[in-house]
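Me: I'm new to this one and I'd like to know how each label gets earned. Could you walk me through it?

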Amino acid sequence: LYAEKSLHALDAWHSAAIVADGKTMRHFVNRKEELSANIEFAPLAAGPTSIGVRFNQVFWFQGAIRQIRVTPAVLNAGELLTP
C-alpha cells in the first residue's frame with residue numbers, strides 16, 4: 001500500500017518478500033526491491049502469527065497464497081522465491 005508507484009497485475013502470481021537484517025527492512029516483489037527503511041529489528045520469540053488477515057480478524061486478504069517460506073538467514077534478491 002505504501003509503494004503507490006509500484007502497481008502489479010491482478011491476473012498473475014507475484015512473489016512478495018520482506019528481508020530484515022536487524023538494521024534495514026527491504027520489501028521485494030518478483031525479486032525487485034520496491035521499498036526499504038532503516039529499522040531496529042530483533043529476532044522474534046515464539047508466539048502467534050496471522051497470515052492473510054490482521055490479528056483482530058478484519059481486512060481479510062482476498063487473493064490466494066500459494067507458498068510461504070520463512071528463513072533464519074538474510075537472503076539476497078537472487079535467493080527469493082519467483083512467481
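Reply: Sure, and keep in mind that this is a predicted model. Let's begin with strands: a strand here is a DSSP run of E covering at least two residues, numbered from the N terminus. The chain has three strands and zero helices, and along the sequence they give the pattern β-β-β.

Me: What makes F59 exposed, and where does F59 sit?

Reply: F59 lies in the segment after β3. Exposed means over 50% relative accessible area, and F59 comes to 64%, so it counts as exposed. F59 also has a positive phi of about 60°, although it isn't a glycine.

Me: What about N30, buried or exposed?

Reply: Neither, really. N30 has a relative accessible area of 31%. Buried is under 20% and exposed is over 50%, with partly exposed in between, so N30 is called partly exposed. You'll find N30 in the loop between β2 (24-29) and β3 (32-38).

Me: What is worth noting about the phi of N30?

Reply: It's positive, about 55°, and N30 is not a glycine. Most residues other than glycine have a negative phi.

Me: How do you know that the strands form a sheet, and in what order?

Reply: Pairing takes at least two bridges between two strands. β1 and β2 have five, in the antiparallel sense, so they count as a pair. The open sheet runs in the order β1-β2-β3, with antiparallel pairing. β1 (16-20) and β3 are its edge strands, as each pairs on one side only. From one strand to the next, the twist averages 15°.

Me: Which residue in β2 is the bridge partner of V19?

Reply: That's R26.

Me: And what makes R26 and E33 a salt bridge?

Reply: The rule asks for a side-chain nitrogen of Lys or Arg within 4 Å of a carboxyl oxygen of Asp or Glu. The side chains of R26 and E33 meet at 3.7 Å, N to O, so the pair passes. By this rule the count is one salt bridge. Side chains of opposite charge can pair when their charged atoms come close.

Me: Are those two residues buried or exposed?

Reply: In between, again. R26 has 24% relative accessible area and E33 has 36%. Partly exposed lies between under 20% and over 50%, so R26 is partly exposed, and so is E33.

Me: Which residues make up the largest nonpolar core, and why is it called that?

Reply: A17, V19, F28, L75 and L80, five residues. The name fits because a nonpolar core is a set of buried residues of kinds such as Ala, Val, Leu and Phe, joined through side-chain atoms within 4.5 Å. L75, one of the five, touches V19, R26, R69 and L80, leaving out residues up to four places away in sequence. In soluble globular proteins, nonpolar side chains tend to be buried together.

Me: How much of the chain is buried?

Reply: Buried residues make up 12% of the 83 residues. The accessible surface is about 7,300 Å², and 57% of it belongs to carbon and sulfur atoms.

Me: What about A9: where is it, and how far is its C-alpha atom from that of Q62?

Reply: A9 is in the segment before β1. Its C-alpha atom is 14 Å from that of Q62, with the two residues 53 apart along the chain. A9 has 42% relative accessibility, so it counts as partly exposed.

Conventions
Residues numbered from 1 in each chain as written. Predicted model: local features only at pLDDT ≥ 70, side-chain atom pairs only at ≥ 80, totals over all residues. Heavy atoms only, no water. Helix = DSSP H or I, 4+ residues; strand = E, 2+ residues; numbered from the N terminus. Buried < 20%, exposed > 50% of the residue type's maximum accessible area, 1.4 Å probe, protein only. Contact = heavy atoms within 4.5 Å. Axes fitted to C-alpha atoms, helices over the stretch in contact; angles between N-to-C directions. Areas by Shrake-Rupley, 256 points an atom, 1.4 Å probe, with all protein chains shown as cover.
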